[in-house]
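Colleague: I've got a structure open and no idea how to read it. Could you walk me through it, feature by feature?

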Amino acid sequence: MDSRQPQRTVPAPLSRREFVSRLAAAGAGGGLLSAAFAGCSLTRSQRAEATEAMVDQLGKLPKVRLGARMGNMRIAPVLVCQDSARELLGPSLAAGMNFIHKAGYWGEMPDELKKVPRESYFTDITVDSTPDHPDDEDRAYNQVTESLARNGFRYYDIFRAHYGWRSVRALKEQNGTWRAFERLKREGKVRHFGVSQHDYIPYPEMIAAQIADGRVASMQVFFSYGSPQDVHDIFAAARKAGIGMTAMKVNANGRGRMGADPEMQRKMRAPGMIGRSLLRYALTVPASDGKPIFHCCVSSLRNFGMFEENVGAVAARTASVDGFGATV
């Protein structure tokens, strides 16, 4: 062996007795279950058991109304992503998550969703043609119909124009994406029109144009701790207009700033837990009228620890234990 090469530590497996002992100790002490198993290699059944205990400890997630333009759609304030760890889909549903972001990318319906009524959860499809082919109706239409034929979801609650438009002019003049939505809605394959708007041009300009346009019912946008005030203000205007507001890139775009601000972590009642602090911030930062700007956040749950940090950010039981008074 080359002694100059760093040696990787292999996670240690746990016996049944040690696993049960750690699970009981963490539960009794109110500590993080993910910390109790840090550095350990859990079997699939152990991970399932630990996650079930975690859901019980965190408590169910509340439900919020996703904007007036979405009717009475009530969802948990954390969305589960299609590209989250598959083993966490069941626990996510058990915790009360009921919106699947990017469900259109699934080639087949997961077994966990086959067991529950289709009307018990919501989905979106991110339609990819918008920025580069905004006037290609058939491209957008075919992405939706072909995905439904593969995965069997029957319909998507939100047809979401992925990436959004590259210019206000394209939004106003190139309407293939919108025509595809209207056609699909008549056929019962989609219900609401939304956008996942990337920041190709400054957000205040583009979001103001979408508010004035009046067709967007659900808006997913980059937002995190440290976003500038003019961005706060235009997103608050969108929420006031009845648009369902979803924050994305909350962790990716704000982790460094939140990690460098222990005082804000303490204010969020989550010192040392960057993900929990970021979600609490995004879901409670107020507009000028004192109401939260955002209804929900996208969270790609990659592992056991991320599940605990993110679900714990909004679970009422955890917020009560943490002393976090501001609720979604």
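Modeller: Sure, let's begin with strand pairing: two strands pair if DSSP finds at least two bridges between them. Keep in mind that this is a predicted model.

Colleague: Okay, so which residue stands opposite Thr 123 in β7?

Modeller: That's Ile 100. Strand β6 (residues 99-101) and β7 run parallel and are joined by 2 bridges. On to the next pairing: β7 and β8 also run parallel, with 4 bridges between them, and there Val 127 stands opposite Ala 161 in β8. To get from β7 to β8, the chain passes through helix α6 (residues 137-151), making a right-handed β-α-β crossover.

Colleague: And how many residues of strand β7 are buried?

Modeller: For burial, the cut-off is under 20% relative accessible area. In β7 (residues 122-127), 6 of the 6 residues are buried, so the strand is largely enclosed by the rest of the structure. Look at the two faces as well: Phe 122, Asp 124 and Thr 126 point one way, Thr 123, Ile 125 and Val 127 point the other way, and all are buried.

Colleague: Where does the sheet go after β8?

Modeller: β8 pairs with β9 in the parallel sense, over 7 bridges. You can find Tyr 163 opposite Gln 197 in β9. Then 4 bridges join β9 to β10, again running parallel, and the bridge partner of Val 195 in β10 is Met 219. Here the chain crosses from β9 through α9 to β10, and this β-α-β crossover is right-handed.

Colleague: Why is β9 called largely enclosed?

Modeller: Because 7 of the 8 residues of β9 are buried.

Colleague: What about β12, which strands pair with that one?

Modeller: Strand β5 (residues 78-81) pairs with β12 in the parallel sense over 3 bridges, and Val 80 stands opposite Ser 299. β11 pairs with β12 too, in the parallel sense over 2 bridges, where Thr 246 has Cys 296 as its bridge partner. As for the faces of β12 (residues 296-299), Cys 296 and Val 298 point one way, Cys 297 and Ser 299 point the other, and all are buried.

Colleague: Let's switch to helices. How do I read one of those?

Modeller: An α-helix has 3.6 residues a turn, so residues three or four places apart point the same way. Try helix α10 (residues 229-240). At 1.5 Å a residue, its 12 residues should span 16 Å, and its end C-alpha atoms are 16 Å apart, which agrees.

Colleague: Which residues of α10 are buried, and what covers them?

Modeller: The buried ones are Val 231, His 232, Ile 234, Phe 235, Ala 236, Ala 238 and Arg 239. Their cover includes α9 (203-213), β10 (218-222), β11 (244-248) and α13 (274-284). After α10, look for Gly 242, which has a positive phi, near 95 degrees.

Colleague: Since α13 came up, what does Ser 277 touch?

Modeller: Ser 277 is found in helix α13. Leaving out residues up to four places away in sequence, Ser 277 touches Met 258, Gln 265, Met 268 and Ala 270. Ser 277 is buried, with a relative accessible area of 0%.

Colleague: Last topic: aromatic rings. How many aromatic pairs does the structure hold?

Modeller: A pair of aromatic rings is described by the distance of the centres and the angle of the planes. The structure holds 16 aromatic pairs. Take Phe 159 and Phe 193: their ring centres are 5.7 Å apart and their planes are at 25 degrees, so the pair is stacked. This pair links distant parts of the chain, since Phe 159 is in strand β8 (residues 156-163) and Phe 193 in strand β9 (residues 190-197), 34 residues apart. Both Phe 159 and Phe 193 are buried.

Colleague: Which residues form an aromatic cluster?

Modeller: Tyr 203, Phe 222, Phe 223, Tyr 225, Phe 235, Tyr 281 and Phe 294 form one. You met Phe 235 earlier, among the buried residues of α10.

Colleague: And where does the charged end of Arg 191 sit?

Modeller: Over the ring of Tyr 155, 3.9 Å from its centre. In another case, the charged end of Arg 215 sits over the ring of Trp 178, 5.1 Å from the ring's centre.

Notes. Residues are numbered from 1 along each chain as its sequence is written. This is a predicted model: local features need pLDDT of at least 70, side-chain atom pairs count only at pLDDT 80 or more; totals for chains, interfaces and linings use all residues. Side-chain values use heavy atoms; hydrogens and water are left out. The expected span of a helix is 1.5 Å times one less than its number of residues. Buried means under 20% relative accessible area, exposed over 50%, partly exposed in between (1.4 Å probe, protein chains only). Contact means heavy atoms within 4.5 Å. Rings of Phe, Tyr and Trp (its six-membered ring) pair if their centres lie within 6.5 Å; planes under 30 degrees apart count as stacked, over 60 as edge-to-face and the rest as tilted. A charge sits over a ring if NZ of Lys or CZ of Arg is within 6 Å of the ring centre and within 35 degrees of the ring normal. A crossover is right-handed if, with the strands pointing away from the viewer, the path from the first strand over the helix to the second runs clockwise.
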